Amino acid sequence: MEKFIEVSNLKKYFPTNSGTLHAVDGIDFFIEKGKTLGVVGESGCGKSTLGRVLLHLLEPTEGTIYFNGKDITKPGKRELKELRKNMQMIFQDPFSSLNTRMSVEQIIGEPLLIYRLCKDKWEYEKRVLEIMETVGLAERLRRVYPHELDGGRRQRIGIGRALALNPEFIVCDEPVSALDVSIQAQVLNLMMDLQEEYGLTYLFITHDLSVVKHISDDIMVMYLGMGVEKAGTKELFENQLHPYTKALISAIPQINIGQRKQRVVLKGEITSPINPKPACRFAPRCTYAKERCFKEVPELEEVLPGHYVSCFFTKEINNLS
């Protein structure tokens, strides 16, 4: 097993007028080369911040980040520029993430110019057209501007821009959430085809459990800046061990109305991420919470082979020996 991306005790805090906001608070995980780790959770749980910290769009407050065995927690300016070749990002909004004053060719070709990867104009145009063909954009669109295209084509531009430097790792920050359902399927299938063809490694951030089930090899569930459960996709959907994960999975709409699923309804107040007390963040909404949960922070531990859970009473709740 090759740990291509490895993160240990990663934290990102933001100062506010009310105190310190713990956006990401002690995350641990790894991603194998050529695999996809899906990150799910409610809005505001720190998913996007985690992705940005990994790429140093935001600098970590604490913790370590390893990329292909190399510590990249505090890269220098030159090292960071080199890292950009191997680590890219696909943003959530396919319109606001593109420069509206640049054509499709200019947007996709900009990284090639910055890194001077083409000897002449002919090689540059050839490479841009190759990328456009790879992501399913017709050649006739090379001089078209983003506002002239639909959401699906705009996102293909974003994917093309991310692929321009031949990266090995891509953070996908809810890349299909702003698209129609039929277009979502096309973009997801494109990304899976690209992963197979180029051996890409993905961190796939989403709040849509159906999407993450389709594309991910492993899934990590986040709650208020912390990882509460991590397992293989099949294992997580068949055997949820954390109360929060059980509630998330139970909320997925059922296609077959004849199969009624027991819905887990969460009650109670959400813990404030500003200056949180040392306790389980989920405790105020958990029906299994005990006194210990309000005084200590549970660690993410391996309960079953490859299945990690952050809960003091996992075995008791799930009748595990």
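**Figure 1. Lysine side chains lie over phenylalanine rings.** In this predicted model, K213 lies over the face of F237, at 5.0 Å from the ring centre. A second such arrangement involves K33 and F4: the charged end of K33 sits over the ring of F4, at 4.3 Å from the centre of that ring.

**Figure 2. Aromatic rings form pairs and a cluster.** Searching the whole structure yields five aromatic pairs. The pair of F312 and F313 is edge-to-face, because the ring centres are 6.4 Å apart and the ring planes meet at 70°, where an angle over 60 degrees counts as edge-to-face. The two partners fall into separate burial classes: F312 has a relative accessibility of 22% and therefore counts as partly exposed, whereas F313, with a relative accessible area of 15%, is buried. The cut-off that applies here is 20%, since buried means under that value. Elsewhere, one aromatic cluster is formed by Y223, Y244 and F282.

**Figure 3. The largest cavity has a lining without charged residues.** Two cavities of 30 Å³ or more are counted in the model. The largest cavity contains about 100 Å³ of space. Its lining consists of 15 residues, and those nearest the centre of the cavity are C280, C286, C293, C311 and F312. By class, 13 of the lining residues are nonpolar and two are polar. F312, one of the residues nearest the centre of this cavity, is also a member of the edge-to-face pair with F313.

**Figure 4. The second largest cavity includes one charged residue in its lining.** About 80 Å³ of space lies in this cavity. The residues that line the second largest cavity are Y223, M226, G227, V228, H242, C280, R281, F282, V297, P298 and S310. Seven of these residues are nonpolar, three are polar and one is charged. Strand β10, which spans residues 226–232, makes the greatest contribution to this lining, with three residues. C280 belongs to the lining of this cavity and is also among the residues nearest the centre of the largest cavity. Y223 and F282, which help to line the second largest cavity, are likewise members of the aromatic cluster with Y244.

**Figure 5. The largest nonpolar core comprises 35 residues.** Within this core, I108, L137, I157, I159 and M191 have the most contacts. Two or more residues come from each of the helices α3 (104–114), α4 (121–134), α5 (151–163), α6 (181–198) and α7 (209–215), and from each of the strands β7 (169–173) and β8 (201–205). Helix α6 supplies the largest share of the core, namely five residues.

Technical notes:
Residues are numbered from 1 along each chain as its sequence is written. Side-chain values use heavy atoms; hydrogens and water are left out. On a 1 Å grid over the protein atoms alone, a cavity is a set of points where a 1.4 Å probe fits but cannot get out, and a pocket is an open set with protein on both sides within 12 Å along at least five of seven lines; lining residues have an atom within 4 Å of a point. Grid points are joined across faces, edges and corners, and a volume is the space filled by probe spheres set on the points. Ala, Val, Leu, Ile, Met, Phe, Trp, Tyr, Cys and Pro count as nonpolar, Asp, Glu, Lys and Arg as charged, and the others, Gly among them, as polar. Helices (H or I, at least four residues) and strands (E, at least two) are DSSP runs, numbered from the N terminus. Rings of Phe, Tyr and Trp (its six-membered ring) pair if their centres lie within 6.5 Å; planes under 30 degrees apart count as stacked, over 60 as edge-to-face and the rest as tilted. Buried means under 20% relative accessible area, exposed over 50%, partly exposed in between (1.4 Å probe, protein chains only). A charge sits over a ring if NZ of Lys or CZ of Arg is within 6 Å of the ring centre and within 35 degrees of the ring normal. A nonpolar core is a set of buried Ala, Val, Leu, Ile, Met, Phe, Trp, Tyr and Cys residues joined through side-chain atoms within 4.5 Å.
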